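Could you look over these notes on the sheets before we talk? I kept them short.

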Amino acid sequence: MMYNNTGPYYTGNATCMFTCWAPEKNSVTLRIVSPFEREVYMVKDAMGYFHATLTDVPAGIQYFFLPEGENALLPDPASNYQPQGVHGPSEVVDHTDFPWDDIGWTGIPLEDLVLYELHVGTFTEEGTFEAIIPRLDDLAAMGINAIELMPVTQFSGERNWGYDGVFPYAPHAVYGGPIGLKKLVNACHQKGIAVYLDVVYNHVGPEGNILKRYGPYFTSRYTIPWGDAMNLDDRWSDGVRDYISNNPLYWFSYYHIDGLRVDAIHTLFEANAVSIWEEMHHKVAALSNALARPLYLIAESDLNSPRVTQQPIMGGMGFDAQWLDDFHHALYTVVDKRGKRRYEDYGSLYQLAKAYRDGFVLTGDFVKFRKRRFGTSSAGVHGKHFVVFNMNHDQVGNRVGGERLSKLIDFDRLKLVAGALFLAPYIPLLFMGEEYAEEAPFLFFCDHQDPKLIQAIREGRKKELAGFSDEGEPADPFARDTFLRCKLQWKKRREGKHAIMLAWYKMWIDLRNRYKVLKNYNKINITVDVQEPGMLIIQRKYQEQLRLVAFINFAEQDTTYGVPAGNTRWIKCLDSRDARWNIQPQKVSGVPEQITGSVSIMLPALSLVLYEVTADE
């Protein structure tokens, strides 16, 4: 299957169709360099694409292009594989040759997902796609059914968060390239785990970026934080739009990927009747129908706008879900008072209650951080259109010390935030290691070669974190030790407090699967109340006959709650003060195992208690 002129297309019978978009060039030459040498002049069409079809080439041949006016050979902008790095030749991949074992795979419905964000390079000692496979059983055993890989496309050097990718169609060679990624996806599907990719369409990394040398991929009309803005509405922008909007089809078809998390969608700018997101939505929907399985697009957005997940026919962008940063900010600033230093517009328990009930917290308010009004209400947005988290790569990695929550708050509060996550009427996402309170940092790291670029990034990082200079100096992003410090310590999963936390997370996922009420994304069926000085009372309903009531006491003092009279029976499902959930013996909570009728109960400080409430017949 070929997607509108984007990249090489190998048919599997020694035939390969090469395509190169260079609309302002008069000539482009294809130069094969291995395992034999050949030069082929390509033919240009009216839309600026150059074509050449060879009928006697094996898969695995390596090649460059030579556009008019260039003295050096250049890799293919839509390269499928860069085995020698960003400056080396591109390699043809035969996507028909992989022995897939997931023919019966039909995906996992969005509303059933428990997402797990991981970075390939630091998830295991080996730092490869295939090295993840032996860890899948551990993830599946605790209930994880979807992994979300931080960007894996080819970047310069051996280590990077992935957001500096320069070949959006090429899995990173150091991670294992195309074969390694396909093996990982194949293994995941065999174990009932979906695979999501984090993809970056708003910019291209600085080192190895050759797009300008081919054509007008970028525009000066707009400004973004990470380099040149993509050209979506200027001259010759159709080719750029195809380059971006065809990319999801490539991952879904050739790699059997289940969904994409699209980075920072608010930084792609255009003035068009049909947005790039609407265009992408329709292409993905058509492919989903053809493949007879769901294909999902999840947005990272800094807009606080319901339009992100509205259908294009209603004027929306057509994403299936979006990350809900407001939930994280509201929760973090409640459990760590130092959090207001980073998120000055948050810190109230009432804001957290709003995040549960509505979604967005900032909904037209004047925001100090932005010095303007920001956002609008998402009260009418169905809960399955939001993804929530206690931490992710950004919240951890953009701290001076890359500290996880396990280094910022105590064990009791860690249990509270885990419970708070799974009690929300949204799709939960965990950051790798969170489930066992991993303590290794997740620092910013990269591996460029240009001395000027290295110095600029070092200075930029220090400037970005200057407001937190009292927390120390940021680690050198180019030091290999910075990267190595971020490796997960897997053996800790079975030790002491880490094993307790792992069991706590597994229990919550089990509860989510046992009680349909915890997968009820209709926000009409959630009630959230605040009781001072710091308790949240969350009621989740499924049917009139069943509801769950959770008491999360964030306060450092015991709090009394009066259970109202009624024909109901309250049965305690869990209590964070039970001995099995604690590092050392604590005072027994005294919260009753069962309640019938009106009674006052005392909720211990920094505790979570969950009751199942049914009609008392």
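The points below cover two sheets and the helices on one of them.

1. Ground rules first: this is a predicted model, where local features need pLDDT of at least 70, side-chain atom pairs count only at pLDDT 80 or more, and totals for chains, interfaces and linings use all residues. Residues are numbered from 1 along each chain as its sequence is written, and side-chain values use heavy atoms, with hydrogens and water left out.

2. One open sheet has four strands, ordered β4-β3-β7-β8 and paired antiparallel. (Strands are DSSP runs of E, at least two residues, and helices runs of H or I, at least four, numbered from the N terminus; two strands pair if DSSP finds at least two bridges between them.) β4 (38-41) and β8 (90-91) each have a single partner strand, so one side of each lacks a neighbour in the sheet.

3. Inside that sheet, β3 (residues 28-34) and β7 (residues 62-67) share six antiparallel bridges. Leu30 sits opposite Phe65 in β7.

4. The other open sheet has six strands, again with antiparallel pairing, in the order β23-β24-β25-β30-β27-β28. Its edges are β23 (526-531) and β28 (594-596), which pair on one side only.

5. Eight antiparallel bridges join β25 (residues 546-553) to β30 (residues 607-615). Here Ala550 faces Leu610 in β30.

6. Helix α9 (residues 349-357) packs on this six-stranded sheet, touching β23, β24 (535-543) and β25, and its direction makes about 175° with that of β23. (Contact means heavy atoms within 4.5 Å; axes are lines fitted to C-alpha atoms, for helices over the stretch in contact, with angles from 0 to 180 degrees between N-to-C directions.)

7. Helix α14 (residues 496-514) lies across β27 (568-575) and β30, at about 145° to β27.
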